[in-house]
Amino acid sequence: MVCALGASVCFGTATVLQAMAARAADAGGGDGEGTAFAVTLFLRAVRQWRYLAGLALDGVGFLLQIAALRSIPIYAVGAALASSLAVTAVVSARLLRVRLNGGEWGAVGVVCAGMALLGIASGTEGDRDGPAALKYVMLATALAVLALALLGGRLPDRGRALALGLGAGLGFGVVEVAVRLIDSLAPSALVADPAAYALLVGGGAAFVSLTSALQRGSVTTATAGMVIGETIGPALVGVVWLGDRTREGLAWVAVLGFAVAVAGALALARFGEAPADSVPQSTSRIP
């Protein structure tokens with residue numbers, strides 16, 4: 001559980017550092033809009049230590065996420081990653097002077113309470129490999145998310161952010177499940193393993209989907225869709241097919257903790273991009 005919470009802290013803090021670098025880049029002079037302007041701002045941002053520190057934290061967070069997925073149930077990792085929004089909210093209040101109202105501070109407390117319940121109830125990771133077709137299902141899901149990401153610009157304005165956010169969540173969920181399905185890290189085994197391709201395609205497609213969602217629609221809606229997509233589906237896969245369980249007699253505590261943590265994260269969805277007006281936009285999931 002420590003690795004999962006560590007990943008949450010890394011991702012949540014990285015978002016704020018990258019937002020600070022983006023603000024500084026935007027204040028560096030020059031007006032405009034469009035792709036060329038966005039690229040210019042990005043190049044300014046990556047020359048700043050805060051942005052580079054954020055990328056480094058993303059990398060550390062991703063490694064901690066992998067370690068967590070190999071030691072505790074997927075449902076606990078998914079809830080912990082969703083709780084990175086609470087970290088972003090708290091760090092934003094400190095470094096970006098984003099004012100949190102009483103309800104948002106309450107949501108931070110709700111997330112913490114949910115994670116505490118999960119920490120009490122979570123068992124070890126499941127010991128089942130799942131059906132042989134599961135790897136191919138994950139690869140097919142990753143390809144579907146990629147198709148959604150590529151066609152995102154053609155979706156109707158209404159519902160676009162939610163659809164792309166859900167797609168991003170499903171892509172990140174594929175990464176969570178695929179990490180558990182990879183049997184060997186030997187290069188010869190990885191080349192022949194559909195789960196390895198699912199991980200790569202799912203992560204890349206999720207990144208593109210979320211970036212498109214944040215650029216084209218409501219940050220709150222897109223982030224809420226992502227939280228739902230990356231928590232519920234992977235958690236069910238872990239419980240039903242991979243053997244994820246709770247400590248004896250504490251299943252109800254785990255269910256309650258999961259629901260509470262996700263509900264608190266959804267209440268903080270506006271911090272999926274903090275602040276919303278910063279450029280370039282950061283997703284803080286894949287390094």
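**View 1. Met115 and its contacts in the predicted model.** Looking past its neighbours within four places in sequence, Met115 touches Met1, Leu5, Ala76, Ala79, Ala80, Ser83 and Ala261. Met115 is also among the residues with the most contacts inside the largest nonpolar core.

**View 2. The largest nonpolar core, with its 60 residues.** Alongside Met115, the residues with the most contacts inside this core are Tyr75, Leu118, Met138, Leu181, Phe258 and Leu268. Helix H4 (residues 74-82) gives the core its largest share, eight residues. A second core of 11 residues sits separate from this one, and includes Ala161, Ala206, Leu214 and Ala222.

**View 3. The second largest pocket, at about 280 Å³.** Its lining is made up of Phe62, Ile66, Arg70, Val179, Ile182, Asp183, Ser184, Leu185, Leu190, Ala196, Leu199 and Leu200. Sorted by class, that comes to nine nonpolar residues, one polar and two charged. Helices H3 (49-69) and H10 (194-216) each put in at least two lining residues, and H10 provides the largest share, with three.

**View 4. The protein chain around these close-ups, with 12 helices and zero strands.** From the N terminus on, then, the elements read α-α-α-α-α-α-α-α-α-α-α-α. Of the 287 residues, 51% are buried. Take the contacts between residues at least 6 apart in sequence, and 85% of them join residues at least 24 apart. As for the outside, the chain exposes about 12700 Å², with carbon and sulfur atoms supplying 67% of that area.

Definitions and conventions:
Residues are numbered from 1 along each chain as its sequence is written. This is a predicted model: local features need pLDDT of at least 70, side-chain atom pairs count only at pLDDT 80 or more; totals for chains, interfaces and linings use all residues. Side-chain values use heavy atoms; hydrogens and water are left out. On a 1 Å grid over the protein atoms alone, a cavity is a set of points where a 1.4 Å probe fits but cannot get out, and a pocket is an open set with protein on both sides within 12 Å along at least five of seven lines; lining residues have an atom within 4 Å of a point. Grid points are joined across faces, edges and corners, and a volume is the space filled by probe spheres set on the points. Helices (H or I, at least four residues) and strands (E, at least two) are DSSP runs, numbered from the N terminus. Ala, Val, Leu, Ile, Met, Phe, Trp, Tyr, Cys and Pro count as nonpolar, Asp, Glu, Lys and Arg as charged, and the others, Gly among them, as polar. A nonpolar core is a set of buried Ala, Val, Leu, Ile, Met, Phe, Trp, Tyr and Cys residues joined through side-chain atoms within 4.5 Å. Buried means under 20% relative accessible area, exposed over 50%, partly exposed in between (1.4 Å probe, protein chains only). Contact means heavy atoms within 4.5 Å. Accessible areas come from the Shrake-Rupley method with a 1.4 Å probe; for residues, only the protein chains shown count as cover.
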